[in-house]
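Me: Please take a close look at a single part for me: one strand, its partners and what surrounds them. Keep the sentences short, and explain each term as it comes up.

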Amino acid sequence: MFDKKKKPPYTDLLGKTNRIVEATQIKGDVFSHADFRLDGELIGNFTSNGKLVIGPSGKVIGEIVCKNVDIEGVFNGKITAHELLNIKATATVEGDVCVGKLAIEPGALFTATCVMKNPEINHPDGTQSK
């Protein structure tokens with residue numbers, strides 16, 4: 001009689017952030033629909049339709065595929081940021097980078113190959129953005 005309208009998937013996750021704290025080490029792959037903050041260490045791959053923040057004490061060794069990435073800590077591997085990769089002054093980035101847009105603060109260590117792609121990119125969930 002009273003049909004509730006279904007929300008699009010994952011809209012209830014907007015504004016929520018997962019967090020891995022300092023002194024935590026994860027070995028394996030992580031997939032998240034929500035935003036994610038990493039202050040610990042990840043050895044493996046990370047995929048998200050949201051934003052990943054690697055805090056000042058955070059470290060990732062592996063592959064990242066996200067909409068947006070902010071790095072304040074250490075990264076070594078391959079990054080695909082569909083929209084923006086923001087590298088802070090405290091960051092160390094090594095490896096391969098593929099981005100829509102790139103911002104690097106003075107003082108950051110950036111030793112990577114970098115390719116800037118067309119903003120019309122396929123996301124991990126199969127959607128496209130412009």
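Reply: Two strands pair if DSSP finds at least two bridges between them. Strands themselves are DSSP runs of E with at least two residues, and helices are runs of H or I with at least four, all numbered from the N terminus. This is a predicted model, so local features need pLDDT of at least 70 and side-chain atom pairs pLDDT 80 or more, while totals for chains, interfaces and linings use all residues. Residues are numbered from 1 along each chain as its sequence is written, and side-chain values use heavy atoms, with hydrogens and water left out.

Start with the setting. The protein has 13 strands and zero helices. Read from the N terminus, the elements run β-β-β-β-β-β-β-β-β-β-β-β-β.

Now zoom in on β4. This strand covers residues 35-38. Its side chains alternate. F36 and L38 point to one face and are buried. D35 and R37 point to the other face and are not buried. Buried means under 20% relative accessible area, exposed means over 50%, and partly exposed lies in between (1.4 Å probe, protein chains only).

What does β4 pair with? On one hand there is β1, joined to β4 by four bridges. The two strands run parallel. On the other hand there is β7, joined to β4 by three bridges. That pair is parallel too.

Look at individual partners. F36 has L52 in β7 as its bridge partner. L38 in β4 stands opposite I20.

Stay with I20 for a moment. I20 belongs to β1, residues 17-20. Its relative accessible area is 17%, so I20 is buried. Leaving aside residues up to four places away in sequence, I20 touches I26, F36, R37, L38, D39 and G40. A touch is a contact, meaning heavy atoms within 4.5 Å. So I20 meets F36, R37 and L38 of β4. I54 belongs to the picture as well. I20 and I54 are 34 residues apart along the chain, and their C-alpha atoms are separated by 9.8 Å.

Where do nonpolar side chains gather? The largest nonpolar core has 23 residues. Such a core is a set of buried Ala, Val, Leu, Ile, Met, Phe, Trp, Tyr and Cys residues joined through side-chain atoms within 4.5 Å. I64, I71 and L85 touch the most other members. The elements that give two or more residues to this core are β4, β7 (51-54), β8 (59-71), β9 and β10 (92-104). So β4 and its partner β7 both feed this core.

Follow the core to L85. Again leaving out residues up to four places away in sequence, L85 touches V69, I71, I79, V97, V99, K101, L102 and A103. Next along the chain is N86, in β9 (residues 74-87). N86 is buried, with a relative accessible area of 15%. With the same sequence limit, N86 touches V69, D70, I71 and A103. V69, I71 and A103 therefore appear in both contact lists, L85's and N86's, where a contact is judged by the cut-off given above.

Step back to the whole protein. Of its 130 residues, 36% count as buried. Among contacts with a separation of 6 or more, residues 24 or more positions apart account for 5%.
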